[in-house]
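Visitor: I am new to this structure. Please take a close look at a single part and then go on to what lies around and beyond.

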Amino acid sequence: MNLDLLFQYIAAGLTYGFIYAIVAIGFNIIYNTTGIINFAQGEFVMLGSMIAISLHPFMPLFPAIVLAVVITMLIGAIMEIAFFRWIESPTILRMIIITIGLSILIREAALAIWGENVRALPYFTGNEVTSVSILGARVSPQVLWVVGVCSVTVLALQAFFKFTRYGWQMRACAVNRDAARLCGIKAKNMVTLSFMLSAGIGALAGCVVSPITYSQYNMGVPLAIKGFTVAILGGLGNYLAAVAGGIVLGIIESFSVWVLPSAYKDSIAIGILLIILFFRPGGLFGSKEELALKEF
Amino acid sequence: MRRSYIHILLYLALIVGVDLLTHALGKSYYLTQLTMSFYYSMVVLGLVLLMGYAGQISLGHAGFFAIGGYSTAVLSTINLMPYKEKPIIRLLESMGFLLMREDLYGARILSFNPWIGVITAVVLAGVVAYLIGIPVLKLKGHYLAMATLGFGIIVYRVVLGTPVFGEADGISDVPGFQIFPGLSINGEMDTKRMNYYIASAIVLVLLYLLMNLINSRVGRALRAIHGSEDAAEAVGIDTAGYKLRVFVLSAVIAAFAGALLTHFNGGIGPGESSVMKSVRYVAIVAAGGMASLWGGLATSMVLNFLSLRGYFGSYDDAVFGAVLILIMLFAPEGIIKIGRRQ
Amino acid sequence: MRFLKALLFAVMTFCLLVAPAMAAKTIKIGAILSVTGPASFLGAPEANTLKMLTEEINSKGGINGRKIELIIKDSGANPGKAISFAKQLIEEERVFAIIGPSTSGETLKIKSICEKGKTICISCAAAEKIVNPVAKYVFKTPQKDSFAARKIFMQMQKMGIKKIGVVVGNTGFGLAGKAQLEKIAPEYGIDIVISEVYDKRATDLTALVTKLKARGVQAVVNWSIVPAQAIIAKNMRQIGFNVPLFQSHGFGNIKYVKAAGAAAEGIIFPAGRLLVVDSLPDSDPQKPVLMKYKKDYESRFHEEVSTFGGHAYDALMILVKAIKKAGFDKEKVRDAIENLKGFVGIGGVFNFSPTDHNGLDINSFVMLTVKNGKFTLLKQ
């Protein structure tokens, strides 16, 4: 294999990796404040891109994306207020089932609204055939957008949790909800905020990946499964590790195509998910002690 | 205990009553969908035991259903005619393991007796469930849900990617399953009533066995595990062992149901192993009240029957999603318990 | 108590459903279509077409004086439901004939049910197994996959292409196409150097096209449905892999060209004449039929016509034609379909026979290409 080809595979792997990572970050936010894995996370991604596509004919691309993100955040907030906020002492089983049910309903609603058609946002830069050459590998400029948005999101989240008041409060809730409440933090509002953040990031992810992957009412589930795998691979709740996990999975998938028939590509993610769950449930970068303190 | 026998009598009366009613109204074709619903309900009953009593979620039971259905479908449609003269085939044939039949187009097909197919289905599912159950059941909550989901997806991918399993087209022209001469599970139009009674009888036997299990030492141990695994462990219950046994049992029931429905339908497709199917089983168990065999059965019969009749039209999945959410929000104990004193 | 409530709940729901049946002097035609679900790109235009045609026929007084009562059942591409619906339609609705299902998997499941129920079934699915072996009552309208494969190989011969790569999605359509391509390639002296299957829901195929590029193939054949068929086109061009890309007849909808954008330019694929009706010569026998269908469909549903809806059009019109000829006797109508010759439909000109229950020949396909975002006939 020559060097150009090697870099091309790496570039493909990074493309997959960052797409998965940006979905995984959404999982982590809600998990951190509530301990819930939101099975409807993939639907936020779908909603964001579908709403942006619908808005795009009426306004330029970037306002459409911003508005789509805001609308999806509102949907996230409504979802939390309507379905989660008032449930007393929820069991995990119940939470899993509710998020699964929501995921189905949002998907079916999207089918009713947008139909089964495949749509896409236009490429942010260039068009379908544009590519830039990096170390001999040719990548679409949209991939650079995905990488950029993902990096900025992670940095912004780190800053938000480190330097802002709401960030501190959310972290406090993540550590110990009851203690946070005793300190006067409105824990319930923090949960709503985390749903909004997560929905917004999901929607943003949907918009940047839409030109590459296309958008359809049922795009959420496969992305959510990959995103969850990546979140676990890195260690649930850790944003930076999610990016690392995404890159690891993306590169493995990409090189698997080189050696194996590509029919196995998607089984590899599931295989990795099971191996991690069985042998290292804390993730590649998590510690066992930390894991023992958490509840699933 | 006595009450459950009354229930069984009522169940029998209802079965016969529905048959007579549909017959009197000239609508005995409803029995086709009722029979299919009975087989799907078996999966639900197994899952009630696993989810409701042992407290372990599984988002992969459609996988076991498919393992059952596909095992028997492959064995009873594979054509051994070209190898007819091989000693091993002759040996199998002389032992009664093989069956010769003629298909619709006049070709002669030598394949395994459905008995072999169904037994293989059940054994295979049991072994698979045992092997994956050991690591999977160590997990809890979300991780358990994801691991079982992962298992279901793997089964789906294997089915979809393997030529023996017919890939995306699935397997068609599966012959009927003759239990005894004169009693067979098949989709012929003139055996509807017989098949309805066979299916309802199998469900009845299953119900009886599960009720006894629940009221035994095992059932009490399971409830203890559901309440608190640590506490159960502390009083000396082998929690891992009980969870594994229930998991294997529910998988075997699902596979058995899959095998029988495949013979009744005359075929199976990869959709039977899809994630959505698994989610539907969970939805029904939840709607039936989690730890209620009768509730699960009634909900399953009604929802599956309506779905198979096409009453939900294009909103099939949406109905199941809505059922899930509404039940979990307003009646986590199940619809049938509404209004009952807690 | 819990048990009694469960019982009551079940009985009540059941009673609600036992509604009285309607009796009228109509002819009942059932349709099992994947209006929703993974094959909705087939089932939705098929259902639209059937509704439109039925209204048109009924407004003109029906067939031989009887109006059509169309019963569409949405199977969501689920074979279990297709089986249930087929039994319902045959036993209970006692339909005259069944149109559909939309997918091969479903059709193969109900093939023997229709055969035993002596009910005509005109499938809108592609697989050759549907009509081979020939079942007495089962027909199909879409062109055979093998014709599409042959058309592609003939074009490759003209272009001097010898080494190709084949990639397909893991749907019934894709895998059946792969089997045909691999079977027929040697006849045309074409060497399939690499043959790969990818997930139908793949989000990006850069790694796969990189693999193809490394193998030095002279052309790529992709056999899949949307969105993968657009993704592969984009990814090939993005990595600068500029060999000719051939697609299957599944590319037959202008929406897919729009989805692939600039990357769709130059894609070569076989399809029925519907897509290029405007540029057909007036001497073409199909032109008037195609023009009318396209105009009617697009003005009614405000979306571009696709070849898939055409499969349902052909199925219903063949049935209507046979009924007009043979009356309301199922057996006679079946015989009439089997002997139908020279029927001009959307897919092509049908000539059925007792051994050919598809009735189309290879000339039902023409080779098309994409130029400036539009389908045009490929210049030979």
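**A helix of chain C, and two contacts**

Guide: In this predicted model, helix α6 of chain C covers residues 172–184. Its 13 residues, at 1.5 Å a residue, should span 18 Å, and the end C-alpha atoms lie 18 Å apart, so the expected and the computed span agree.

Buried residues of α6(C) are G172(C), F173(C), G174(C), L175(C), A176(C), G177(C), K178(C), Q180(C) and L181(C). The buried residues pack against two helices, α4 (104–116) and α5 (145–159) of chain C, and against the strands β6 (163–169), β7 (191–198) and β8 (219–223) of chain C.

Strand β7 of chain C also leads to the contact with chain A. That contact takes 33 residues from chain C and 31 residues from chain A. On the side of chain C, two or more residues each come from α2 (40–59), β7, α7 (206–214), α8 (228–238) and α9 (254–260). The largest share, 6 residues, is from α7(C). By type, this side of chain C has 16 nonpolar, 9 polar and 8 charged residues.

Within chain A, helix α1 (residues 3–34) packs with helix α9 (residues 220–234) at an angle of about 75°, and their axes are 8 Å apart. Because of that angle, α1(A) is roughly perpendicular to α9(A). From α1(A), the residues Y20(A), A21(A), V23(A), A24(A), F27(A) and N28(A) take part. They meet L223(A), A224(A), K226(A), G227(A), F228(A), V230(A) and A231(A) of α9(A). The residues of this contact are 10 nonpolar, 2 polar and 1 charged.

Notes. Residues numbered from 1 in each chain as written. Chains lettered and ligands numbered in written order. Predicted model: local features only at pLDDT ≥ 70, side-chain atom pairs only at ≥ 80, totals over all residues. Helix = DSSP H or I, 4+ residues; strand = E, 2+ residues; numbered from the N terminus. Expected span 1.5 Å × (residues − 1). Buried ≥ 20, exposed ≤ 12 C-beta atoms within 10 Å, placed from the backbone. Contact = placed C-beta atoms within 7 Å. Nonpolar A, V, L, I, M, F, W, Y, C, P; charged D, E, K, R; others polar. Axes fitted to C-alpha atoms, helices over the stretch in contact; angles between N-to-C directions. Parallel < 35°, antiparallel > 145°, perpendicular 65-115°, else oblique.
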